[in-house]
Amino acid sequence: MVDINKLVDTKASTQSKEVFWDQEVYDREIKNIFGRSWLFLTHECMLEKKGDFITTKMAEDSVIVTRHTDGSLKAFVNSCTHRGNSICSADSGNTKSFVCNYHGWVFSTDGKLVDVPLREKCYHDELDRDSLSLKTIRVESYRGFVFGCFDETAPSLEDFLGDWGWYLDTWMVGAGEGAELVGPPMKSILKCNWKVPTENFVGDGYHVGWTHASALHVLGGELGGLAGNQAEMPFDELGIQVTTRHGHGFGVIDNAAIAIHAKRDEYAKYMEETIPKVAENLGEPRAKLFNGHWNCSTFPNCSFLYGTNIFKVWHPRGPHEIEVWSWVIVHKDMSDEGKREVVKQAVRSFGTAGTLESDDGDNMVQSTQVNRGSYTREGEMNSTMGQGYEGEHPDYPGIVGSSFIGETSYRGFYRFYQEMMSADSWDDIRANDEHWADCFPNKNYWKDRIAAKAAEAEGE
């Protein structure tokens with residue numbers, strides 16, 4: 001029996017190493033987390049025409065997402081209601097219907113069973129087709145990004161994102177044209193637990209200067225000074241880290257949106273022209289974020305780097321393996337040359353064989369596989385960096401940490417992880433809405449810090 005309170009200690013900010021290895025923990029995650037959360041499916045730019053479809057996964061379930069004949073988005077489980085065969089093996093395409101290649105049952109683009117071979121002669125016209133439609137999935141879109149949810153009692157996608165939607169609008173809305181994904185997704189297999197890359201992207205600015213030190217020396221530019229985590233770097237002046245109600249979070253390095261790009265002429269021009277428009281459209285705080293480099297995760301298993309512009313989903317394949325799907329983010333109003341530039345640089349750094357992707361992959365595999373040892377799994381992991389140096393911010397919603405290097409977002413991710421693993425239903429989760437941030441005791445951190453700086457300025 002899984003004891004969630006022993007797996008995650010929100011007061012001590014520790015996690016048992018069992019969370020990266022144990023099969024029973026994983027089985028509970030599939031039910032309580034992946035069975036209740038909104039999971040990323042695709043972008044609407046890949047479903048523009050009626051009949052367009054993609055196949056994807058929600059945890060380990062195969063799913064079809066379609067643009068139905070009435071223009072609406074539909075999603076359903078990719079398993080025939082006759083003998084369980086998958087009804088679609090293509091990654092994407094356009095179709096009028098889905099036909100199971102086992103016995104020829106035909107389903108429409110909304111998942112309804114519309115035809116069965118020998119229905120009159122062998123079924124004697126007694127088959128109840130209405131009851132044999134494919135299992136449907138809730139599907140909703142936020143700024144063109146499409147998510148699905150198995151749980152009918154879950155909040156809307158917009159409510160699930162909550163304050164995270166305010167941050168996402170920074171680049172999903174931006175100057176007004178919005179963003180889209182360039183696909184099809186690049187795919188690879190990693191022998192790691194799904195939480196390792198999710199927690200890395202949600203808040204691990206700490207590893208950048210160490211894991212990627214050699215690459216940063218080669219790349220140079222704005223991030224070159226991070227190589228080796230030199231203590232003289234003014235870390236408290238370079239950015240922030242944020243966690244929100246439902247475990248979504250990110251860290252941002254100020255003025256570094258395009259820093260990872262070696263060839264950036266068009267991207268730099270686009271940013272220079274667009275930042276003032278973002279300020280006019282969304283205000284100065286988000287214009288500042290728009291010009292930053294973000295490392296982010298949308299709970300539970302969708303991550304991205306804004307600036308580098310790589311977008312990922314970590315599909316679990318048991319507790320010790322994931323399938324990584326990667327797209328490239330581009331702004332719709334970029335020039336074609338600018339989009340090509342961004343795609344090339346994003347793939348070069350964080351594509352399947354990217355320079356920085358390879359650095360991370362080794363750490364992610366080792367952080368999982370070392371837990372094969374039973375004595376190792378008796379240990380704990382620590383996420384106390386910056387604890388107490390975080391609170392409510394006058395400009396930014398959620399709980400905001402003092403530096404982009406910290407573990408505020410780790411603590412926020414595992415706080416909600418524990419909540420979902422412990423809760424019997426979404427009603428239990430909603431009951432905590434008013435108190436979700438109580439595990440961050442120094443909520444006045446920013447108020448006190450700003451007041452101290454004001455007093456210091458007056459004294460000068």
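**Entry 1: the largest pocket**

I began with the largest pocket, which is lined by 24 residues, and I noted that E199, N200, D204, S367 and Y410 lie nearest its centre. I should record at once that I am working with a predicted model. The space in this largest pocket comes to about 520 Å³. When I looked up which elements each supply at least two residues of its lining, I found helix 5, helix 11 and strand 20, the last of these spanning residues 380-382. Sorting the lining of the largest pocket by class, I wrote down seven nonpolar, twelve polar and five charged residues.

**Entry 2: the largest cavity**

I next turned to enclosed space, and the structure holds five cavities of 30 Å³ or more. The largest cavity has a volume of about 230 Å³. Its lining is made of 18 residues, and those closest to the centre are H207, V208, H293, L305 and F350. Helix 5 (195-203), strand 16 (293-298) and helix 11 (355-369) are the elements that give two or more residues to the lining of this largest cavity. I noticed that helix 5 and helix 11 had already come up in my list for the largest pocket. By class, I entered nine nonpolar, seven polar and two charged residues for the lining of the largest cavity.

**Entry 3: the second largest cavity**

The second largest cavity has a volume of about 80 Å³. I found 13 residues in its lining, with D9, T10, S13, R411 and R415 the closest to its centre. Three elements each supply at least two residues of this lining, namely strand 1 (8-9), strand 2 (14-16) and helix 12 (408-422). Which of the elements gives the most to the lining of the second largest cavity? I looked this up as well, and helix 12 takes that place with three residues. The classes in the lining of the second largest cavity are four nonpolar, six polar and three charged residues.

**Entry 4: an annotated span**

Finally I consulted the UniProt record, an unreviewed entry, where the annotation "domain: Rieske" covers residues 38-148. I then asked how far apart the end C-alpha atoms of residues 38-148 lie in the model. The answer I noted is 5 Å, and for the make-up of the span I recorded 0% helix and 41% strand.

Definitions and conventions:
Residues are numbered from 1 along each chain as its sequence is written. This is a predicted model: local features need pLDDT of at least 70, side-chain atom pairs count only at pLDDT 80 or more; totals for chains, interfaces and linings use all residues. Side-chain values use heavy atoms; hydrogens and water are left out. On a 1 Å grid over the protein atoms alone, a cavity is a set of points where a 1.4 Å probe fits but cannot get out, and a pocket is an open set with protein on both sides within 12 Å along at least five of seven lines; lining residues have an atom within 4 Å of a point. Grid points are joined across faces, edges and corners, and a volume is the space filled by probe spheres set on the points. Helices (H or I, at least four residues) and strands (E, at least two) are DSSP runs, numbered from the N terminus. Ala, Val, Leu, Ile, Met, Phe, Trp, Tyr, Cys and Pro count as nonpolar, Asp, Glu, Lys and Arg as charged, and the others, Gly among them, as polar. UniProt positions are given in the numbering used here, feature names are shortened, and annotations may be inferred rather than shown by experiment.
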